[in-house]
Amino acid sequence: LIQEKVEEEKKKLQERLEKEMEEERKKVLEEVRRKEEERIRQEEELEKQLEDNQKKIAEHQAKLAAELAAREADRYLELERQSKQREEIARRRAEEERKQRDEQSKLLNKGEAKGVRPKVAFGLKPKGVFE
């Protein structure tokens, strides 16, 4: 009878230990699963942050490129304006010089037509041998 009780108690103890071990195994598996899910969630979050950062960088680079292009276009327009201004100044000078040459030519031609020598800007008095 005692032997049976001992066997019965042994069996109960064995069952209780197995049940506790099964519960502990389930807890450990649940903890492992939870940690794996947390790791995956964090990894996905980091990937999303990385994508967001890359998108921000791309947008910023596009903005900088647009600003640079606008500055280059402004610079080109300014250089073009300055070039046209210089060309206009040179054209006016050439026109003014041409007008002055025409006027001088007209004055010289009038004098030759009358048989008059052109006037000299400085005063020289001719000294001859007979004076």
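How much accessible surface does the protein have, and what share of that surface belongs to carbon and sulfur atoms? In this predicted model, the accessible surface comes to about 13,500 Å², and carbon and sulfur atoms account for 55% of that area. Of the 131 residues of the protein, 1% count as buried. The secondary structure consists of one helix and zero strands, and the helix, helix 1, covers residues 2-114.

At the beginning of the chain, a nonpolar patch lies on the surface, formed by Leu1, Ile2 and Val6, which together have about 370 Å² of accessible area. Within this patch, Ile2 has its place in helix 1. The relative accessible area of Ile2 is 67%, and Ile2 is therefore classed as exposed, the cut-off for that class being over 50%.

Charged side chains form a further part of the description. In general, side chains of opposite charge can pair when their charged atoms come close. A search of the whole structure finds 17 salt bridges, and several of them are described here in turn.

Glu31 takes part in two of the pairings described. In one of them, Glu31 forms a salt bridge with Arg34, with a distance of 2.5 Å between the closest N and O atoms; these two residues both belong to helix 1 and are three residues apart, about one turn of the helix. In the other, the side chain of Glu31 meets that of Lys35 in a salt bridge, at 4.0 Å from N to O, and here the partners, which again both lie in helix 1, are four residues apart, about one turn of the helix. With a relative accessibility of 31%, Glu31 counts as partly exposed, and Arg34, at 41%, likewise counts as partly exposed. Both values fall between the limits of 20% and 50%, which is why neither residue is called buried or exposed.

Elsewhere in helix 1, Glu88 and Arg92 are placed four residues apart, about one turn of the helix, and their side chains meet in a salt bridge with an N to O distance of 3.1 Å. The two partners fall into separate classes of accessibility, because Glu88, at 28% relative accessibility, counts as partly exposed, whereas Arg92, at 53%, counts as exposed. Salt bridges may also be linked to one another through shared partners, as in the case of Glu30, Arg33 and Glu37, which are joined in this way into one network.

Notes. Residues are numbered from 1 along each chain as its sequence is written. This is a predicted model: local features need pLDDT of at least 70, side-chain atom pairs count only at pLDDT 80 or more; totals for chains, interfaces and linings use all residues. Side-chain values use heavy atoms; hydrogens and water are left out. Patches are made of residues with over 30% relative accessible area and no salt bridge: like charges are joined within 9 Å, nonpolar side chains (Val, Leu, Ile, Met, Phe, Trp, Tyr) within 5 Å. Accessible areas come from the Shrake-Rupley method with a 1.4 Å probe; for residues, only the protein chains shown count as cover. Buried means under 20% relative accessible area, exposed over 50%, partly exposed in between (1.4 Å probe, protein chains only).
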